[in-house]
Amino acid sequence: MHRQSDFVVYLGDLVTANNLPIPNASLYWDRAISASRSRGVPWATVFGNHDDMPFEWPPEWFSPDGVPPLRCPASPPPSTPDSGCSFRGTPRTDLMAAETGANSRLSYSSSGPRELWPGVSNYVLQVLSRRRRTRAGDDHDPALLMYFLDSGGGSYTEVVSSAQVKWFHSQSQFLNPNGRIPELIFWHIPSTAYVKVGPKAKSEIRKPCVGSINKEEVAPQAAEWGIMDALAKRPSVKAVFVGHNHGLDWCCPYQELWLCFARHTGYGGYGGWPKGARIIEVTEDPFSAVSWIRMENGSRHSHVTLSS
């Protein structure tokens, strides 16, 4: 029997905004997270490269048939033929505000520091221990730190910036100065390190990597500005999880941590591979983190121990 998850991380590309000629994509964003909300399961989100993209005009709209009738909200007075429609995309800040404002009880997402703009989904969540308490005894110690980073794309370059690296240094030193607390990292677009450690596209996935699909090349960020060096120098960092490539679901070791893809879960975007989700199970005292892929039909595969 499948046990309901305690927490869900949405790893970006919740909507394909470049296919939506509407002024506000938050309605579709809200539908994307509704599966968690309807079950009362809390969640956190990071942005992908499609979430705030401007609308991409299909080439066939310029054929003799022309632009099809558009069902767009009325916007009186109708001053232009496209009144009520928008082709600019919905900004990250608007999507985040809509999510957190309407789901304050279950959404743990957050708009990060303004100095990290244009990145938005930069924040840390503390998973509190069931057993350990702070020295003051009035609260529980963290058993795990989860860092969320905006890897860009869509309205700006696909990258984790140098400013974000400095922010990570600052947060990790403040929250976990001695590295006693295990840390997991989440963003959307894989770093260039994934290219270095991953199996060749369409080849068999061999140990030490673990996974089931390897159908395409890794599509990495445009540049590397130090985030992987920062993570590799912290033994407390156990794994990085990304999305982006629908045809990849492997985990591979990188120095002392793991680099993992999730599994394409939704019904949008490219690729017809069977749907699934990456499950992460964390226990404490002693700490361990294991992961596997659970398919839509309930089957499991690609079990990997991230830390024990």
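Trainee: Which residues make the nonpolar surface patch of about 330 Å²?

Mentor: First, a word on the source: this is a predicted model, where local features need pLDDT of at least 70, side-chain atom pairs count only at pLDDT 80 or more, and totals for chains, interfaces and linings use all residues. Residues are numbered from 1 along each chain as its sequence is written, and side-chain values use heavy atoms, leaving out hydrogens and water. Patches take residues with over 30% relative accessible area (Shrake-Rupley, 1.4 Å probe) and no salt bridge (a Lys or Arg side-chain nitrogen within 4 Å of an Asp or Glu carboxyl oxygen), joining nonpolar side chains within 5 Å and like charges within 9 Å. Here the patch of about 330 Å² is made by Trp57, Phe62 and Val67.

Trainee: Is Phe62 buried or exposed?

Mentor: Phe62 sits in the loop between β2 (43–45) and α3 (92–102); helices are DSSP runs of H or I with at least four residues, strands are E runs of at least two. Buried means under 20% relative accessible area, exposed over 50%, and partly exposed in between (1.4 Å probe, protein chains only). Its relative accessible area is 61%, so Phe62 is exposed.

Trainee: On α3, how many degrees of arc do the buried residues cover?

Mentor: Arg92, Leu95, Met96 and Glu99 are the ones buried in α3. The arc is taken from the directions between the helix axis and the C-beta atoms. The buried residues lie on the same side of α3 because their arc is only 95°.

Trainee: And which exposed residues does α4 carry on the face turned away from its buried side?

Mentor: Start with the buried residues, Gln164, Val165, Trp167, Phe168 and Ser172. They cover an arc of only 160°, so they share the same side of α4. The face turned away carries Lys166 and Phe174.

Trainee: Which element gives the most residues to the largest nonpolar core?

Mentor: A nonpolar core joins buried Ala, Val, Leu, Ile, Met, Phe, Trp, Tyr and Cys residues through side-chain atoms within 4.5 Å. This one has 32 residues, and Phe168 and Trp187 are among those touching the most other members. Several elements each supply at least two residues, including β4 (140–148), α4 (162–175) and α6 (227–232). The top contributor, with five residues, is α6.

Trainee: What distance separates the C-alpha atoms of Leu306 and Cys251?

Mentor: Leu306 lies in strand β11 (300–307) and counts as buried, at 7% relative accessibility. Leu306 and Cys251 are 55 residues apart along the chain, and their C-alpha atoms are separated by 9.3 Å.
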